[in-house]
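Visitor: Please walk me through this structure, one question at a time.

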Amino acid sequence: MLISSFDNININSLRNFVTVAEIGNITKAAEEVYLTQPSLSRQLVQLENTFEEKLFSRSRDGVKLTAEGEIVYKQCRNLLHAYDEFASTILGLKGAVSGTLTIAHQKNLATLILHIHKTFLKSYPNVNISNYRQGRQNYLDLLLSGRLDAAYLPTLELTHAPDQLKSFPIITKRNMLLVSVDNPIAKRDRIHLAELANEPFVLPNKQTAPNLLKQIIDTCEANGFTPHAVGYADNYVDYEMDIVRFDAVSIHPFMHNVEDSHLVKYVALDGFPEEYPISLVWNSASTHPLLSLYVDAVRDFVRQHDALIQSLVLPRPL
């Protein structure tokens, strides 16, 4: 294949290819990069035609890199890293701080993260923040591999984390029971975990939240039953779909606007740890020049905006 056939490859197409590879789902990746699913699919087909290789195997569950796709993915990441360093150097000649940070967070933090990033980008307008949307990968693994620069993680998931991963607390949300509005439990103000022995559960995925999964199972067993799992979820959309589909329940941190769908409802939960602390986590071995600026900016934001942070936590009932 002639190298000249690469001339028309767009850098954004490579970024989008990497996003699809890391999320494992074209539809979800399209939302992340603000494209329609057909447009993103066409980009992928064009790349496959250019490289004369099949990059993904496709199934009903999503997409997975082929062996050739894995090679292209690794080279794309190297290329994008070099490109970002190049752009940063050129802007640096003009005294501008620039580059790209890849940050991961759960949907239940979206409002807070929006405020944090808005404040950070006011100080560093030439920096780009790539918001990583979680697939089935474990955030700790992505941090250790360098595919993520930082992540907002449940503090529980840092149990036994390697020493090179550093963190500090951001917010403490509140665990509640999330149920379908058609479930009789939805009519109650609160319920004890022991009363849920006969309810089907949607549980967190073992790969993405192993410690939370263990905490839920251990606490249920301490209350006399093993939860009957009808689904395992990686993200809020999957939680809601399975809760409604199976008329199931789930232990879930409070999120603003969740009940706007009118399909699910939060109920106060007794007998389970109420606090759901979340921390900012990063790899101290990272050499990314922007990472320390970002970590310091988040520290300052947390110190200066306590009222805003508390407003995002469900008030305790009187």
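Guide: A term to begin with: a crossing is left-handed if the near helix is turned anticlockwise from the far one by less than a right angle, and right-handed if clockwise. Note too that the model is predicted.

Visitor: Which hand has the crossing of helix 5 and helix 9?
Guide: Helix 5 covers residues 110–123. Its axis and that of helix 9 come within 10 Å and cross at roughly 115°. The crossing is right-handed.

Visitor: Which residues of helix 9 make the contact with helix 5?
Guide: Helix 5 brings Leu 112, His 115, Ile 116, His 117, Thr 119 and Phe 120. Facing them, helix 9 brings Leu 293, Tyr 294, Ala 297, Val 298 and Phe 301.

Visitor: Which helix gives the most to the largest nonpolar core?
Guide: That core has 48 residues. Tyr 152, Leu 177, Leu 280 and Tyr 294 touch the most other members. The top contributor, with six residues, spans residues 291–304: helix 9.

Visitor: How many residues are in the other core?
Guide: This core lies apart from the largest one. Among its members are Leu 14, Leu 44, Leu 65 and Leu 80. Its count is 21 residues.

Visitor: Is Ala 150 buried or exposed?
Guide: Ala 150 sits in strand 5, residues 150–154. Leaving out residues up to four places away in sequence, Ala 150 touches Leu 143, Leu 280, Trp 282 and Tyr 294, among others. Buried means under 20% relative accessible area. Ala 150 has 0%, so it is buried.

Visitor: How far apart in space are Ala 150 and Tyr 236?
Guide: In sequence, 86 residues separate Ala 150 and Tyr 236. C-alpha to C-alpha, the distance is 21 Å.

Visitor: How many residues of helix 1 are buried?
Guide: Helix 1 runs over residues 11–23. At 1.5 Å a residue it should span 18 Å, and its end C-alpha atoms are 19 Å apart, which agrees. Leu 14, Phe 17 and Val 20 are among its buried residues. Helix 1 is mostly covered, and of its 13 residues the buried ones number 10.

Visitor: Within what arc do the buried residues of helix 3 fall?
Guide: Helix 3 holds 15 residues, 37–51. Buried there are Leu 40, Ser 41, Gln 43, Leu 44, Leu 47, Glu 48 and Phe 51. Seen down the helix axis, they line one face, because they fall within an arc of 155°.

Visitor: Which residue follows helix 3?
Guide: Its phi is positive, near 55°. The residue is Glu 52.

Conventions
Residues numbered from 1 in each chain as written. Predicted model: local features only at pLDDT ≥ 70, side-chain atom pairs only at ≥ 80, totals over all residues. Heavy atoms only, no water. Helix = DSSP H or I, 4+ residues; strand = E, 2+ residues; numbered from the N terminus. Expected span 1.5 Å × (residues − 1). Buried < 20%, exposed > 50% of the residue type's maximum accessible area, 1.4 Å probe, protein only. Arc of directions from axis to C-beta. Core = buried A, V, L, I, M, F, W, Y, C linked by side-chain atoms within 4.5 Å. Axes fitted to C-alpha atoms, helices over the stretch in contact; angles between N-to-C directions. Contact = heavy atoms within 4.5 Å.
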